Amino acid sequence: LVARPWRRLTGPDGVDGLAALSPDERWHAVRKEGKQARYAVNAVAPAVSKGARRLSRALARVQDVLGEHQDAAVAAETWLEIAAERPDDHDLAVTAGRLAERERESVRRMRALFPAAWHRATRPRRTSWLP
């Protein structure tokens, strides 16, 4: 039940293939794979081990980072779209540009936090029960 979603999450199309400069869509795809793996772990955790419960909690923290990333990426894009709808409004363009840059900074911050969250999630005491 857990092996397949875990392999997808950790494999080349998942975290192993993720880079700091990967496009936002790639990060979002890993977020979705992480959700599926976490739900699978949640399903078996009561019957498997303490490690499964620990992994579930750690994956929730990883999901928090990836969720913040996705929210900021979408917000940045939305600000730029709003500005593009009214190209003659200089004040709007400046404001939207500043807000988009703040959101992109949040994206960069979440990308910087991700490796540590992932490392904590994949410690042997959390994953030793996996096939």
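Here is a walk through this protein, from its overall build to the way its helices pack. Keep in mind that you're looking at a predicted model.

Let's start with the big picture. Which kinds of secondary structure does the protein have? It comes to five helices and zero strands. If you trace the chain from the N terminus on, the elements run α-α-α-α-α. The radius of gyration is 18 Å, while the globule rule gives 14 Å for 131 residues, so the protein is more spread out than a compact globule. You can get a feel for that from the box that the C-alpha atoms fill, which is roughly 60 × 25 × 20 Å along the principal axes.

Now for what the records say. UniProt has an unreviewed entry that lists residues 19–78 as "domain: CHAD". Over residues 19–78, the chain is 90% helix and 0% strand, and the C-alpha atoms at the two ends sit 24 Å apart.

Next, let's follow the helices in pairs, beginning with H1 and H2. Helix H1 covers residues 3–10 and helix H2 covers residues 24–48; their axes come within 8 Å and cross at roughly 155°. Angles over 145 degrees count as roughly antiparallel, and therefore H1 and H2 are roughly antiparallel to each other. As for handedness, H1 passes H2 in a left-handed crossing. Who does the touching? On the H1 side the contact is made by Pro5, Trp6, Arg8 and Leu9, and on the H2 side by Val30, Glu33, Gly34, Gln36, Ala37 and Ala40. Sort the residues of this H1–H2 contact by class and you get six nonpolar, two polar and two charged.

Moving along the chain, H2 also packs against H3. The angle here is about 155°, and the axes of H2 and H3 are 9 Å apart. That angle makes H2 roughly antiparallel to H3. H2 passes H3 in a left-handed crossing. How many residues of each class make up the contact of H2 with H3? There are twelve nonpolar, eight polar and five charged residues.

That brings us to H3 and H4. Helix H3 spans residues 50–85 and helix H4 spans residues 90–121, and the two pack at an angle of about 165° with their axes 8 Å apart. With that angle, H3 is roughly antiparallel to H4. The contact of H3 with H4 divides into 26 nonpolar, two polar and four charged residues. Is the crossing left-handed or right-handed? H3 passes H4 in a left-handed crossing.

To pull the pairs together, H1 is roughly antiparallel to H2, H2 is roughly antiparallel to H3, and H3 is roughly antiparallel to H4. Try following that back-and-forth path in the 3D view.

Conventions: Residues are numbered from 1 along each chain as its sequence is written. This is a predicted model: local features need pLDDT of at least 70, side-chain atom pairs count only at pLDDT 80 or more; totals for chains, interfaces and linings use all residues. Side-chain values use heavy atoms; hydrogens and water are left out. Axes are lines fitted to C-alpha atoms, for helices over the stretch in contact, and angles run from 0 to 180 degrees between N-to-C directions. Helices (H or I, at least four residues) and strands (E, at least two) are DSSP runs, numbered from the N terminus. Angles under 35 degrees count as roughly parallel, over 145 as roughly antiparallel, 65 to 115 as roughly perpendicular and the rest as oblique. A crossing is left-handed if the near helix is turned anticlockwise from the far one by less than a right angle, and right-handed if clockwise. Contact means heavy atoms within 4.5 Å. Ala, Val, Leu, Ile, Met, Phe, Trp, Tyr, Cys and Pro count as nonpolar, Asp, Glu, Lys and Arg as charged, and the others, Gly among them, as polar. UniProt positions are given in the numbering used here, feature names are shortened, and annotations may be inferred rather than shown by experiment. The radius of gyration is taken over C-alpha atoms; the globule rule is 2.2 Å times the number of residues to the power 0.38.
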